[in-house]
Amino acid sequence: MTAATPLVLFNSLTRQLEPFEPVHPGEARVYTCGPTVYNYPHIGNMRAYVFADVLGRALSHKGYALTHVINITDVGHLTDDADDGEDKMERAAAARAQSIWDVSRHYTQAYWDDIAALNIRAPAHWSIATDYVPQMLAFAQTIAPAHCYELPSGLYFDVGSVADYGRLARAQTEEGSGRIDEVAGKRHPADFAIWRRTPAGESRQMEWDSPWGRGAPGWHLECSVMSGQLLGFPFDIHTGGIDHREIHHPNEIAQNQAFCCTGGLDLPANSGARMWLHNNFLVERSGKMSKSSGEFLRLQLLIDRGYHPLAYRLMCLQAQYRSELEFSWDGLGAALTRLKRLVMAVGQLRERAGDGAGLLGPRFADVLARFDAAISDDLNTPLALTVLDEIVAMKKVDPGEKLAAIGLVDAVLGLGLLTLGREALRLRPKAAVMDDSAIAAVLDQRRAARADKDFARSDALRDELARAGVEVMDGDPLGWDWTPG
């Protein structure tokens with residue numbers, strides 16, 4: 001199949017849909033803002049990586065050689081975007097009574113586990129911030145003479161030294177930002193730290209010598225340095241959550257302009273990337289999306305309640321990435337049911353196909369063209385899913401060809417339909433009171449009752465299983481399933 005429809009994406013910098021035109025012909029270079037590894041990511045954080053994964057898969061589908069970078073911020077992220085506030089990594093290490101390096105390794109691995117559980121492809125590079133401190137110092141020394149000034153607390157970037165500061169957020173320079181704390185001596189409220197000097201008499205677990213005193217880099221600096229080092233300026237696409245659009249990414253852009261000696265942002269490539277893409281928020285009405293709430297909504301909590309992580313991926317795909325997505329347990333349950341139906345249909349198809357996927361014939365040309373058009377329209381995954389449903393429902397077609405068509409679609413959607421089995425979706429809820437062997441024993445009793453035509457006892461045993469969170473599925477080869485909750 002030829003992916004003939006041009007890929008069009010919404011550029012947050014210009015606030016308009018634009019065709020993707022690579023900086024380097026045949027290549028796609030993408031940078032995604034990764035996590036600060038001071039805590040587990042919540043499911044709202046993970047929506048950003050599902051989105052970035054679909055983008056990368058779509059670019060691969062279009063035939064581009066993809067180089068994707070995701071950073072790991074293990075140093076220098078302040079609380080509440082303050083310039084002299086407490087470092088989240090240092091605070092987490094103190095709370096856990098561990099070294100900051102141990103905290104970083106623990107939460108980085110937890111993030112990688114979530115990435116794998118959601119079937120998100122590993123990027124070409126995981127860029128770890130502490131591996132790039134020498135390059136950060138060199139970058140800061142390059143831009144400091146024309147764009148920075150020193151204060152007792154460190155080196156600060158003068159946002160008035162570059163053209164069009166804040167255009168990404170649609171903020172005017174003179175307005176500043178309500179989320180940045182006041183620091184005595186700053187020329188402008190929006191000026192931000194490039195290097196944070198360790199206060200006299202204090203020490204941090206992560207600190208380095210610099211021309212501006214011993215300290216640590218500002219977290220905006222990290223992304224500019226790692227994206228430029230690994231992808232080169234300008235690269236194609238920078239992605240992140242919409243929360244980064246207001247402060248972090250405008251500050252990255254200002255640094256990139258200063259480093260590259262470029263002009264204003266009427267030419268988007270002057271920002272360091274030709275396109276800036278942002279996914280919208282995942283909304284959860286109970287307030288459990290905040291990490292300060294204690295048991296916040298992380299992927300493991302969904303798994304503990306019996307929901308397969310790919311049900312959450314499907315839930316994300318059911319909304320276009322620029323739309324708010326409201327999380328609810330009912331919505332997640334509906335996504336799990338939809339996933340089970342897809343897996344069941346593809347499983348039956350795999351049995352019929354025998355030797356596996358075949359070559360695609362003309363019967364699938366129109367429906368696959370519509371799928372390509374949906375993905376090309378700013379990653380319209382809700383429409384792409386309806387096309388997938390249409391392919392699954394097609395009658396009187398060769399099963400091998402049908403399997404090939406589903407495989408092509410799923411290579412972009414990333415649901416793992418060609419390998420995922422229904423039993424893998426049967427996750428035991430953490431609160432379940434029965435184990436598999438106990439369930440099997442009750443089912444044996446129920447089969448005996450049915451054979452004896454003791455339907456009252458059969459129904460009572462079914463109700464007993466239902467109260468334990470087990471759904472009996474008569475006539476289904478799987479036999480029973482957990483009811484998440």
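Guide: Helices (H or I, at least four residues) and strands (E, at least two) are DSSP runs, numbered from the N terminus. This is a predicted model, where local features need pLDDT of at least 70, side-chain atom pairs count only at pLDDT 80 or more, and totals for chains, interfaces and linings use all residues. Residues are numbered from 1 along each chain as its sequence is written, and side-chain values use heavy atoms, with hydrogens and water left out.

Visitor: Start with N71. Is N71 buried or exposed?
Guide: N71 sits in strand 4, residues 65-72. Buried means under 20% relative accessible area, exposed over 50%, and partly exposed in between (1.4 Å probe, protein chains only). N71 has 0% relative accessibility, so it counts as buried.

Visitor: Which backbone nitrogen lies 2.6 Å from a polar atom of the N71 side chain?
Guide: N71 has a polar contact of 2.9 Å with the side chain of T73. A polar contact pairs N or O atoms within 3.5 Å; within protein, one must be able to donate a hydrogen and the other to accept it, and residues adjacent in sequence count only if both atoms are side-chain atoms. The nitrogen at 2.6 Å from the N71 side chain belongs to G34.

Visitor: Leaving aside neighbours within four places in sequence, what is N71 in contact with?
Guide: Contact means heavy atoms within 4.5 Å. G34, the partner in that 2.6 Å pair, is on the list. With it come Y31, T32, C33, P35, S127, C223 and M226.

Visitor: Now helix 6. How far apart are its end C-alpha atoms?
Guide: Helix 6 runs over residues 248-260, 13 in number. The expected span is 1.5 Å times one less than the number of residues, so helix 6 should span 18 Å. The model agrees: the end C-alpha atoms are apart by 18 Å.

Visitor: How many residues of helix 6 are buried?
Guide: Helix 6 is mostly covered. The buried residues include H248, H249, P250, N251 and E252, along with I253 and Q255. The count is 11 of 13.

Visitor: What covers the buried residues of helix 6?
Guide: Both helices and strands contribute. The helices include helix 4 (133-147) and helix 5 (219-231). The strands include strand 7 (154-157), strand 8 (192-197), strand 10 (235-241) and strand 11 (273-279).

Visitor: Which backbone oxygen does the Q255 side chain reach at 2.9 Å?
Guide: Q255 is in helix 6. Its relative accessible area is 0%, so Q255 is buried. Its side chain reaches the backbone nitrogen of L221 at 3.3 Å. The backbone oxygen at 2.9 Å is that of H220.

Visitor: Which residues does Q255 touch, not counting those up to four places away in sequence?
Guide: Two are its backbone partners, H220 and L221. Both appear among the residues touched. The others are F139, I143, F157, F192, I194 and S224.

Visitor: What is the relative accessible area of A163?
Guide: A163 is in the loop between strand 7 and strand 8. Beyond four places in sequence, A163 is in contact with Q257, G264 and L265. A163 is partly exposed because its relative accessible area is 35%.

Visitor: How far apart in space are A163 and L415?
Guide: In sequence, A163 and L415 are 252 residues apart. In space, C-alpha to C-alpha, the distance is 43 Å.

Visitor: Which residue caps the N-terminal end of helix 12?
Guide: Helix 12 covers residues 399-413; its 15 residues should span 21 Å, and the end C-alpha atoms, 20 Å apart, agree with that. Of those 15 residues, 13 are buried. A side-chain oxygen lies 3.0 Å from the backbone nitrogen of G400, and the capping residue is D398.

Visitor: What phi does C261 take just after helix 6?
Guide: Most residues other than glycine have a negative phi, and most peptide bonds are trans. After helix 12, G414 has a positive phi of about 75°. Just after helix 6, C261 is also positive, at about 55°.

Visitor: What is the relative accessible area of D378, which is buried?
Guide: D378 lies in the loop between helix 10 (365-376) and helix 11 (381-393). D378 has a positive phi of about 55° although it is not a glycine. L379, in the loop between helix 10 and helix 11, has a positive phi of about 55°. D378 counts as buried because its relative accessible area is 2%.

Visitor: Is the peptide bond from F233 to P234 cis or trans?
Guide: P234 is in the loop between helix 5 and strand 10. The bond from F233 has omega near -10°. The peptide bond is cis.
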